[in-house]
Amino acid sequence: MAEAKRQVVGQVGIDMVAGPTELVIIADSTARPGRVAVDMIAQAEHDEDATSWCVTTDPDLAESLPAALDEALARTPRAGIARTALERNGLIAMAGSMRDAIEVVNRRAPEHVQIAADGAERVATAIRNAGAIFLGDDTPEPVGDYMAGPSHVLPTGGTARYGSPLGVYDFIKRTSIVRYTPARLAREAAAIITLAEAEGLFAHAEAVRMRVGGAAGPRGSGAATD
(Lines give C-alpha, C1' and ligand atoms only; values in the text may rest on other atoms or scores of the structure.)
Protein backbone atom coordinates (compact mmCIF):
# COMPACT_ATOMS: atom_id res chain seq x y z
CA MET A 1 0.00 0.00 0.00
CA ALA A 2 2.79 2.45 0.87
CA GLU A 3 4.49 1.83 -2.48
CA ALA A 4 1.22 2.39 -4.34
CA LYS A 5 0.83 5.74 -2.58
CA ARG A 6 4.40 6.76 -3.50
CA GLN A 7 3.69 6.05 -7.16
CA VAL A 8 0.55 8.20 -7.36
CA VAL A 9 1.39 11.07 -4.99
CA GLY A 10 1.28 14.33 -6.89
CA GLN A 11 -1.23 12.94 -9.38
CA VAL A 12 -3.93 12.34 -6.76
CA GLY A 13 -4.21 13.23 -3.11
CA ILE A 14 -3.10 10.69 -0.48
CA ASP A 15 -3.27 10.74 3.28
CA MET A 16 0.38 9.92 4.04
CA VAL A 17 3.06 7.33 3.32
CA ALA A 18 3.16 5.49 6.62
CA GLY A 19 6.37 3.86 7.75
CA PRO A 20 6.95 0.99 10.21
CA THR A 21 4.88 1.18 13.37
CA GLU A 22 6.28 2.82 16.53
CA LEU A 23 5.54 2.79 20.25
CA VAL A 24 7.14 4.66 23.15
CA ILE A 25 5.98 3.69 26.64
CA ILE A 26 6.53 6.20 29.44
CA ALA A 27 6.63 4.25 32.69
CA ASP A 28 7.28 5.01 36.34
CA SER A 29 7.45 2.85 39.48
CA THR A 30 3.71 2.09 39.27
CA ALA A 31 4.13 0.21 35.97
CA ARG A 32 4.13 -3.59 36.04
CA PRO A 33 7.10 -5.15 34.20
CA GLY A 34 5.06 -8.03 32.76
CA ARG A 35 2.50 -5.69 31.24
CA VAL A 36 5.09 -3.30 29.85
CA ALA A 37 6.93 -6.24 28.28
CA VAL A 38 3.81 -7.59 26.58
CA ASP A 39 2.90 -4.09 25.37
CA MET A 40 6.35 -3.69 23.82
CA ILE A 41 6.04 -7.08 22.14
CA ALA A 42 2.55 -6.24 20.90
CA GLN A 43 4.10 -3.48 18.83
CA ALA A 44 7.22 -5.42 17.88
CA GLU A 45 5.25 -8.36 16.49
CA HIS A 46 3.93 -6.22 13.60
CA ASP A 47 7.13 -6.64 11.60
CA GLU A 48 10.89 -6.72 12.01
CA ASP A 49 11.20 -2.96 11.39
CA ALA A 50 8.78 -2.00 14.17
CA THR A 51 10.07 0.29 16.92
CA SER A 52 9.24 -0.40 20.55
CA TRP A 53 10.72 1.68 23.38
CA CYS A 54 10.23 1.99 27.10
CA VAL A 55 11.44 5.19 28.75
CA THR A 56 11.23 4.84 32.51
CA THR A 57 12.05 6.86 35.59
CA ASP A 58 12.29 3.69 37.71
CA PRO A 59 15.64 1.84 37.82
CA ASP A 60 13.98 -1.33 39.12
CA LEU A 61 11.66 -1.46 36.12
CA ALA A 62 14.53 -0.91 33.71
CA GLU A 63 16.46 -3.75 35.36
CA SER A 64 13.57 -6.20 35.36
CA LEU A 65 12.28 -5.57 31.84
CA PRO A 66 14.78 -7.74 29.88
CA ALA A 67 13.78 -10.85 31.82
CA ALA A 68 10.10 -9.94 31.51
CA LEU A 69 10.55 -9.57 27.74
CA ASP A 70 12.22 -12.98 27.46
CA GLU A 71 9.43 -14.58 29.46
CA ALA A 72 6.72 -12.95 27.33
CA LEU A 73 8.50 -13.77 24.07
CA ALA A 74 8.49 -17.45 25.03
CA ARG A 75 4.68 -17.35 24.99
CA THR A 76 4.01 -15.51 21.72
CA PRO A 77 3.61 -17.29 18.37
CA ARG A 78 5.29 -14.36 16.57
CA ALA A 79 8.34 -14.44 18.80
CA GLY A 80 10.78 -14.55 15.88
CA ILE A 81 9.49 -11.35 14.34
CA ALA A 82 9.11 -9.59 17.70
CA ARG A 83 12.57 -10.57 18.92
CA THR A 84 14.20 -9.33 15.72
CA ALA A 85 12.33 -6.02 15.94
CA LEU A 86 13.35 -5.58 19.58
CA GLU A 87 16.98 -6.40 18.80
CA ARG A 88 17.01 -3.92 15.90
CA ASN A 89 14.84 -1.12 17.21
CA GLY A 90 13.96 -1.86 20.83
CA LEU A 91 15.15 0.37 23.65
CA ILE A 92 14.89 0.51 27.41
CA ALA A 93 15.98 3.98 28.50
CA MET A 94 16.40 5.50 31.95
CA ALA A 95 15.18 9.06 32.41
CA GLY A 96 16.27 11.16 35.35
CA SER A 97 12.80 12.65 35.72
CA MET A 98 9.37 12.56 34.12
CA ARG A 99 10.26 15.84 32.44
CA ASP A 100 13.21 14.09 30.78
CA ALA A 101 11.03 11.18 29.70
CA ILE A 102 8.56 13.57 28.10
CA GLU A 103 11.41 15.31 26.28
CA VAL A 104 12.49 11.97 24.79
CA VAL A 105 8.96 11.51 23.44
CA ASN A 106 8.75 15.02 22.02
CA ARG A 107 12.06 14.62 20.22
CA ARG A 108 11.21 11.16 18.90
CA ALA A 109 7.67 12.18 17.88
CA PRO A 110 6.39 8.59 17.72
CA GLU A 111 3.25 7.17 16.20
CA HIS A 112 2.00 5.86 19.55
CA VAL A 113 2.74 6.91 23.13
CA GLN A 114 1.53 4.83 26.04
CA ILE A 115 1.70 6.36 29.52
CA ALA A 116 1.95 3.72 32.26
CA ALA A 117 2.57 6.21 35.03
CA ASP A 118 0.88 7.99 37.88
CA GLY A 119 -0.95 11.11 36.70
CA ALA A 120 -1.08 10.02 33.07
CA GLU A 121 -3.43 12.87 32.11
CA ARG A 122 -1.01 15.43 33.52
CA VAL A 123 1.92 13.83 31.69
CA ALA A 124 -0.03 13.87 28.43
CA THR A 125 -0.55 17.63 28.58
CA ALA A 126 3.21 18.11 28.12
CA ILE A 127 3.47 15.83 25.08
CA ARG A 128 3.52 17.94 21.93
CA ASN A 129 4.53 15.39 19.29
CA ALA A 130 2.68 12.08 19.05
CA GLY A 131 0.16 10.48 16.73
CA ALA A 132 -1.94 8.99 19.52
CA ILE A 133 -1.57 8.89 23.31
CA PHE A 134 -2.91 6.07 25.48
CA LEU A 135 -3.52 6.99 29.11
CA GLY A 136 -3.02 4.65 32.03
CA ASP A 137 -2.25 1.03 32.69
CA ASP A 138 -5.67 -0.12 31.47
CA THR A 139 -5.29 1.51 28.04
CA PRO A 140 -2.79 -0.56 26.03
CA GLU A 141 -2.15 0.50 22.45
CA PRO A 142 -4.19 -2.38 20.91
CA VAL A 143 -7.43 -0.72 22.08
CA GLY A 144 -6.64 1.98 19.51
CA ASP A 145 -6.06 -0.61 16.80
CA TYR A 146 -9.40 -2.30 17.22
CA MET A 147 -12.00 -0.51 19.30
CA ALA A 148 -11.36 2.92 20.84
CA GLY A 149 -12.67 4.97 17.94
CA PRO A 150 -10.23 7.71 16.85
CA SER A 151 -8.46 7.34 13.52
CA HIS A 152 -5.62 4.88 13.68
CA VAL A 153 -3.97 6.05 10.48
CA LEU A 154 -1.21 7.93 12.27
CA PRO A 155 1.99 9.83 11.40
CA THR A 156 5.20 7.78 11.64
CA GLY A 157 8.93 8.40 11.26
CA GLY A 158 8.93 11.60 13.31
CA THR A 159 6.26 13.25 11.17
CA ALA A 160 4.09 13.70 14.28
CA ARG A 161 6.15 16.88 14.76
CA TYR A 162 3.91 18.45 12.12
CA GLY A 163 1.40 15.80 11.05
CA SER A 164 -1.88 14.59 12.51
CA PRO A 165 -4.00 11.43 12.40
CA LEU A 166 -6.05 10.90 9.26
CA GLY A 167 -9.38 12.67 9.51
CA VAL A 168 -12.33 13.90 7.49
CA TYR A 169 -10.47 17.16 6.78
CA ASP A 170 -7.91 15.19 4.72
CA PHE A 171 -10.62 14.48 2.14
CA ILE A 172 -11.88 18.05 1.85
CA LYS A 173 -10.64 20.15 -1.09
CA ARG A 174 -10.68 23.86 -0.32
CA THR A 175 -10.29 27.02 -2.41
CA SER A 176 -9.25 30.41 -1.02
CA ILE A 177 -11.37 33.41 -2.05
CA VAL A 178 -9.90 36.88 -1.55
CA ARG A 179 -11.42 40.34 -2.04
CA TYR A 180 -9.84 43.69 -1.08
CA THR A 181 -11.63 47.02 -0.93
CA PRO A 182 -9.84 50.10 -2.34
CA ALA A 183 -9.20 51.31 1.21
CA ARG A 184 -7.71 47.99 2.29
CA LEU A 185 -5.44 47.83 -0.77
CA ALA A 186 -4.26 51.39 -0.17
CA ARG A 187 -3.50 50.58 3.46
CA GLU A 188 -1.36 47.54 2.60
CA ALA A 189 0.08 48.59 -0.75
CA ALA A 190 3.44 49.80 0.53
CA ALA A 191 4.16 46.52 2.28
CA ILE A 192 3.15 44.46 -0.75
CA ILE A 193 5.25 46.57 -3.10
CA THR A 194 8.27 46.42 -0.80
CA LEU A 195 8.11 42.61 -0.59
CA ALA A 196 7.55 42.18 -4.33
CA GLU A 197 10.48 44.41 -5.31
CA ALA A 198 12.73 42.77 -2.72
CA GLU A 199 11.98 39.49 -4.48
CA GLY A 200 12.73 41.06 -7.86
CA LEU A 201 9.15 40.69 -9.10
CA PHE A 202 8.56 44.23 -10.31
CA ALA A 203 5.37 43.59 -12.25
CA HIS A 204 3.87 42.25 -9.03
CA ALA A 205 4.67 45.60 -7.43
CA GLU A 206 3.39 47.50 -10.44
CA ALA A 207 0.04 45.69 -10.37
CA VAL A 208 -0.53 47.12 -6.89
CA ARG A 209 1.11 50.52 -7.44
CA MET A 210 -1.05 51.42 -10.45
CA ARG A 211 -4.19 50.84 -8.39
CA VAL A 212 -3.21 53.18 -5.58
CA GLY A 213 -2.20 56.19 -7.63
CA GLY A 214 1.46 55.35 -8.14
CA ALA A 215 2.60 56.85 -4.84
CA ALA A 216 2.97 53.76 -2.66
CA GLY A 217 6.14 51.79 -2.07
CA PRO A 218 9.89 52.20 -2.53
CA ARG A 219 9.79 53.48 -6.11
CA GLY A 220 7.47 56.37 -5.21
CA SER A 221 5.65 58.09 -8.09
CA GLY A 222 6.04 57.58 -11.80
CA ALA A 223 4.01 54.41 -12.38
CA ALA A 224 1.02 54.39 -14.68
CA THR A 225 -2.35 54.81 -12.97
CA ASP A 226 -5.94 54.03 -13.85
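Select A27 and A116 to start: in this predicted model, A27 stands opposite A116, which belongs to strand β4. Now widen the selection to the strands around that pair. β1 and β4 run parallel and are joined by five bridges.

Next, colour β4 by itself, residues 112-116. How many of its five residues are buried? Five of the five are, so you can take this strand as mostly covered. Turn the view to look at one side and then the other. In a regular strand, side chains alternate between the two faces of the sheet. On one side of β4 you will find H112, Q114 and A116, and on the other V113 and I115; both faces are covered.

Stay with H112 for a moment and add β5, residues 132-135. The bridge partner of H112 in β5 is A132. Four bridges link β4 with β5, again in the parallel sense.

Now go back to β1 and pick I25. Leaving aside residues up to four places away in sequence, I25 touches V36, D39, M40, W53, C54, V55, Q114 and A116.

I25 is also a good way into the largest nonpolar core, which has 21 residues. Select I25, V36, M40, I41, C54, L65 and L86 to see the residues with the most contacts inside this core. Nonpolar side chains tend to be buried together in soluble globular proteins. Which elements each supply at least two residues of this core? They are β1 (22-27), α2 (33-44), α3 (59-73) and α4 (79-89). The largest share, six residues, comes from α3.

For a last stop, select W53, A95, V123 and A130: they are among the 17 residues of another core, lying apart from the largest one.

Note on methods:
Residues are numbered from 1 along each chain as its sequence is written. This is a predicted model: local features need pLDDT of at least 70, side-chain atom pairs count only at pLDDT 80 or more; totals for chains, interfaces and linings use all residues. Side-chain values use heavy atoms; hydrogens and water are left out. A nonpolar core is a set of buried Ala, Val, Leu, Ile, Met, Phe, Trp, Tyr and Cys residues joined through side-chain atoms within 4.5 Å. Buried means under 20% relative accessible area, exposed over 50%, partly exposed in between (1.4 Å probe, protein chains only). Contact means heavy atoms within 4.5 Å. Two strands pair if DSSP finds at least two bridges between them.
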